[in-house]
Amino acid sequence: MGKQETDCWIGNFEGVCSDTSEVTSYLKDCFRIEEECMSELCHIDYYGVANNHIMEHGTKAYENTISKLKSEGIGVFGSMQEKTIQIEHNGKNIGVLGFSMREDNSPFKSMYWKFPEYAEIDNEFQNIKACDYKIAYIHWGVEFVDYPSNEQTRMAHWLVDLGFDLIVGMHPHV
């Protein structure tokens, strides 16, 4: 893929970038890359971290990931501390709000934004309401199902009515 200088790429960081893991089983290397590999991922400008794999290696690995992304100049959104991000690109202001509607199976306390109530989304939307473009970046859906659930459809309509211009969904692997 050829990224142009005027492009702005946003991705889903579904795993961790950390040399440590609190997992001791054979799963200690699943959804985890070594920190030295991050330079290979620097073609992405912003990463959403609200997903069902970001906490699988524990709090320290999550914190290492956020720190490493930021040290490489990559913006982060979807965390409990940074639910939204505002991007100035080609003279336009773009607001991106990220959250997950998928349960993770991690024993560690989630540090990303998941299962927000509509009122919480509305409240966070106010931080990007004045942006030229507003994007909802949602980790949702059922794996291997290629159509939205009724609940997703209702929420998507509500998000558009709230004022979002684009809804980006990910997770189903289809």
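This report describes one helix pair and several salt bridges in a predicted model.

Residues are numbered from 1 along each chain as its sequence is written, and side-chain values use heavy atoms, with hydrogens and water left out. Because the model is predicted, local features need pLDDT of at least 70 and side-chain atom pairs count only at pLDDT 80 or more, whereas totals for chains, interfaces and linings use all residues.

**Packing of α2 and α3**

Helices (H or I, at least four residues) and strands (E, at least two) are DSSP runs, numbered from the N terminus. Helix α2 spans residues 118-125 and helix α3 spans residues 150-162; their axes come within 11 Å and cross at roughly 30°. Here axes are lines fitted to C-alpha atoms, for helices over the stretch in contact, and angles run from 0 to 180 degrees between N-to-C directions. Helices α2 and α3 are therefore roughly parallel to each other, a term for angles under 35 degrees. The contact (heavy atoms within 4.5 Å) brings Y118, I121, D122 and F125 of α2 against R154, M155, W158, L159 and L162 of α3. By class, this contact of α2 with α3 has seven nonpolar, no polar and two charged residues. Ala, Val, Leu, Ile, Met, Phe, Trp, Tyr, Cys and Pro count as nonpolar, Asp, Glu, Lys and Arg as charged, and the others, Gly among them, as polar.

**Salt bridges**

A salt bridge is a side-chain nitrogen of Lys or Arg within 4 Å of a carboxyl oxygen of Asp or Glu. The whole structure holds nine salt bridges, including those tabulated here.

| Salt bridge | Closest N to O distance |
|---|---|
| R32 and D29 | 2.4 Å |
| R32 and E34 | 3.1 Å |
| K134 and D165 | 3.7 Å |

The pair of K134 and D165 links distant parts of the chain: K134 lies in strand β8 (residues 133-139) and D165 in the loop between α3 and β9 (166-170), 31 residues apart. For accessibility, buried means under 20% relative accessible area, exposed over 50%, and partly exposed in between (1.4 Å probe, protein chains only). K134 is buried, at 10% relative accessible area, while D165 is partly exposed, at 48%.

R32 bridges to D29 and also to E34. R32 is buried, with a relative accessible area of 15%. Its partner D29 is partly exposed at 42%, and E34 is likewise partly exposed at 32%. Together with K28, the residues D29, R32 and E34 are linked in a network of salt bridges.

Definitions and conventions. Parallel < 35°, antiparallel > 145°, perpendicular 65-115°, else oblique.
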